[in-house]
Amino acid sequence: MKRLGAVLEVVVPLALLALWAAWSANSDTFYYPPLTKILETFNETWVFERVGSDVVPSLLRLAAGYAVAVVIAIGVGIPLGLNATARRAAAPIVEFLRAIPPPALLPLAIVVVGVGNSMKVLIIAFVCLWPILLNTIDGIRGIDPTLNETTRVYGVRGLTRLRLVTLPAAAPQIFAGMRTSLSLAVIMMVISEMVASTNGIGFFVLQSQRSFAIPEMWSGIVLLGILGYLLNLLFTGVERRVLAWHRGAHS
Amino acid sequence: MLEIRRLKKSYGDAHAIGDLTFTIGEREFVCVVGPSGCGKTTLLKCMSGLLAPTAGEVVLDGTLVTRPPDEMALVFQEYSRSLMPWMSVRKNVALPLRHRSKAERAKLVDEAVEAVGLTRFMDRYPWQLSGGMQQRVAIARALAYQPQILLMDEPFASVDAQTRADLEDLILEVRERYDVTIVFVTHDIDESVYLSDRIVVLTPSPTTVKEILDVELPRPRDQVETKELPEFARLRAHVYRLIKREEARVAQ
């Protein structure tokens with residue numbers, strides 16, 4: 001069964017690709033170029049012609065925005081998770097801010113910080129903040145009371161306790177939030193580059209469409225799919241390492 | 001050494017602990033038994049300073065207990081919830097020793113883990129061990145902390161009978177080795193007679209002391225020989241009747 005699963009995992013996507021290729025092979029529709037044409041363009045565009053000019057800037061924005069979000073969300077989430085009063089005080093603000101559809105903030109961000117990289121980083125960070133923050137708070141609140149009593153009895157306090165007990169105990173939930181945020185980060189990267197940018201993958205896709213370079217547009221979409229897939233793979237790898245104990249303890 | 005004076009604990013209108021007074025002497029092994037739901041865990045939490053009593057006081061060597069004292073360790077019933085699953089046995093046992101020097105820490109951990117017979121499992125994680133072994137880790141952690149008094153909250157309630165007997169003997173052994181005072185809460189009457197120097201029998205909630213008995217069984221104790229002694233049977237029957245009578249009284 002396990003081997004069949006592994007085989008299916010490879011065979012099904014390949015079969016779908018073949019189907020797409022066959023279906024589009026004789027396509028003369030302008031908007032649906034043959035798959036071979038898209039792949040050809042992909043090769044010309046992304047290997048490695050526009051990597052430096054578009055892919056790297058996009059990924060840097062993504063990484064910066066995501067990193068800012070992780071640091072702030074965990075930094076703010078810890079005190080809110082530990083302190084019920086602070087949590088109640090912050091709840092209305094948190095609920096209000098996270099209810100704002102992020103693209104609605106784009107015009108504001110452009111006015112306040114301009115159209116440069118910092119605007120994109122800001123938007124990505126803002127969006128990624130909420131899932132991580134809420135999960136950090138919940139993760140810390142949900143720590144088993146026995147664990148807290150254990151640290152009290154044995155005089156484990158302050159930063160030692162935070163580093164060795166509180167954060168690891170909340171880590172599975174924090175990681176769940178980080179996973180959600182990662183896909184949000186990709187979405188906001190593309191949107192922010194479509195609204196105001198002179199480079200980046202999002203910019204390239206929109207620009208190609210506007211100049212009727214349809215195979216180029218398709219190739220950009222394919223690239224985004226691949227990047228999202230790889231980022232998720234990378235994330236899963238890190239999570240597996242960091243949370244190896246968690247999988248062990250719950251199997 | 002540890003004095004409980006007129007201790008009361010209520011949650012709103014519910015009086016968990018009515019009025020408790022008893023004293024635990026230096027190097028004594030005292031078992032606290034009582035019918036289930038008589039507030040034994042609440043009592044232990046008050047004794048360890050985890051919970052503030054509603055009235056009365058707990059005094060350790062002349063000092064009022066208001067938070068967990070350094071001289072005290074506690075072994076919880078739920079070993080799987082009080083060990084850190086992300087830490088190996090070694091790190092779990094070393095966790096309370098962060099302020100010690102590295103060499104001292106290593107020595108204390110090695111000794112304690114050896115005392116509970118888990119040296120081979122030093123680098124395993126708790127979830128890779130059986131329940132009884134996990135409780136041994138928790139005991140090792142308490143021993144490495146070098147407490148003068150060790151509180152145990154029904155520590156063997158969730159392991160099977162054979163493991164339980166092994167752990168009982170283990171605790172008697174480490175008690176000699178570490179020369180520590182032990183307060184052992186249990187609802188198992190045989191266990192309380194087998195282990196202790198003295199038994200504090202409690203009434204159902206609101207809890208008071210029903211009777212305090214001296215256990216004058218010879219040491220070292222033995223699972224077979226000690227339990228064959230007429231004195232063991234007499235004590236066991238006596239405690240059993242005390243508890244059953246109380247339960248019947250409450251049921252009426």
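Let's start with chain B. The domain assignment splits chain B into domain 1, covering 1-18 + 25-35 + 47-71 + 149-252, and domain 2, covering 85-146. Keep in mind that this is a predicted model.

How far apart are the centres of domain 1 and domain 2 of chain B? Taken over C-alpha atoms, 25 Å separate them. The two domains do touch: 11 residues of domain 1 of chain B are in contact with 7 residues of domain 2 of chain B. On the domain 1 side, helix α6 of chain B, residues 161-178, gives the most, with 6 residues. By class, that side of domain 1 has 8 nonpolar, 2 polar and 1 charged residues.

Now some backbone details in chain B. As a reminder, most residues other than glycine have a negative phi, and most peptide bonds are trans. Here are the exceptions I want to show.

Take B:D61. Its phi is near 50°, so a positive value in a residue other than glycine. B:D61 sits in the loop between β4 (55-60) and β5 (63-64) of chain B. Is B:D61 buried or exposed? Neither fully: it is partly exposed, because 13 other C-beta atoms lie within 10 Å, and the buried class needs 20 or more.

B:Q146 has a positive phi too, near 55°. Its place is the loop between α5 (131-144) and β7 (149-153) of chain B. B:Q146 has 17 C-beta neighbours inside 10 Å, so it counts as partly exposed. Residue 146 is also where the assignment ends domain 2 of chain B.

One cis bond in chain B. It joins B:R219 and B:P220, with omega about 0°. B:P220 lies in the loop between β10 (207-214) and α8 (225-228) of chain B.

On to chain A. What secondary structure does chain A have? It has 11 helices and 0 strands. Its C-alpha atoms fill a box of roughly 75 × 55 × 30 Å along the principal axes. Of the 251 residues of chain A, 31% count as buried. Among contacts in chain A between residues at least 6 apart in sequence, 74% join residues at least 24 apart.

Chain A has a cis bond to look at as well. The peptide bond from A:V47 to A:F48 is cis, with omega near -10°. A:F48 lies in the loop between α2 (35-46) and α3 (51-82) of chain A.

Last, where the chains meet. 17 residues of chain A are in contact with 19 residues of chain B. On the chain A side, α7 (145-153), α8 (158-195) and α11 (244-249) each supply at least two residues. α7 of chain A gives the most, with 6 residues. The chain A side divides into 9 nonpolar, 5 polar and 3 charged residues.

Conventions. Residues numbered from 1 in each chain as written. Chains lettered and ligands numbered in written order. Predicted model: local features only at pLDDT ≥ 70, side-chain atom pairs only at ≥ 80, totals over all residues. Helix = DSSP H or I, 4+ residues; strand = E, 2+ residues; numbered from the N terminus. Nonpolar A, V, L, I, M, F, W, Y, C, P; charged D, E, K, R; others polar. Domains from an automatic or database assignment. Buried ≥ 20, exposed ≤ 12 C-beta atoms within 10 Å, placed from the backbone.
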